[in-house]
Amino acid sequence: MTSRAAGIPQYWVIDQDTAQTVAMYRLEDDHYVVRATMPLAWLLNTGLEEHDLG
């Protein structure tokens with residue numbers, strides 16, 4: 001079963017680059033689209049409301 005078939009509305013991928021970049025994917029219609037990318041440190045120092053995730 002795929003994430004899409006399971007109805008998972010969003011998922012995040014953390015790359016192991018120097019900034020540990022986080023890519024946020026959101027399900028739109030029948031496919032996932034990148035909603036945002038940012039360094040993990042910045043994400044951890046901000047609130048969920050700043051990312052429309054709360």
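**Exercise 1.** Does Tyr25 count as buried, partly exposed or exposed, and at what relative accessibility?

*Solution.* The model is predicted. Buried means under 20% relative accessible area, and exposed means over 50%. Tyr25 has 23% relative accessibility, so Tyr25 counts as partly exposed.

**Exercise 2.** Classify the ring pair that Tyr11 and Tyr25 form, and say which strands the pair ties together.

*Solution.* Step one is the geometry. The ring centres of Tyr11 and Tyr25 are 4.9 Å apart, with 10° between the planes. Planes under 30 degrees apart count as stacked. This aromatic pair is therefore stacked.
Step two is the location. Tyr11 sits in strand β1 (residues 10-14) and Tyr25 in strand β2, so the pair links parts 14 residues apart in sequence.

**Exercise 3.** Classify the pair of Tyr11 and Tyr32, then place both residues.

*Solution.* Start with the rings. Their centres lie 5.0 Å apart and their planes stand at 75°, so the pair is edge-to-face. Next, the strands. Tyr11 belongs to β1 and Tyr32 to β3 (residues 31-39), so this pair joins parts 21 residues apart in sequence.
Finish with accessibility. Tyr11 is partly exposed, at 31% relative accessible area. Tyr32 has 19% relative accessibility and counts as buried.

**Exercise 4.** How many aromatic pairs are there, and which residues form one aromatic cluster?

*Solution.* The count is two aromatic pairs. Tyr11, Tyr25 and Tyr32 form one cluster.

**Exercise 5.** Which residues make up the largest nonpolar core, and which elements each supply at least two of them?

*Solution.* List the members. The core has five residues: Val22, Met24, Met38, Leu40 and Leu43. Then assign elements. β2 (21-28) and α2 (40-44) each supply at least two residues.

Notes: Residues numbered from 1 in each chain as written. Predicted model: local features only at pLDDT ≥ 70, side-chain atom pairs only at ≥ 80, totals over all residues. Heavy atoms only, no water. Core = buried A, V, L, I, M, F, W, Y, C linked by side-chain atoms within 4.5 Å. Buried < 20%, exposed > 50% of the residue type's maximum accessible area, 1.4 Å probe, protein only. Helix = DSSP H or I, 4+ residues; strand = E, 2+ residues; numbered from the N terminus. Phe/Tyr/Trp six-rings, centres within 6.5 Å; stacked < 30°, edge-to-face > 60°.
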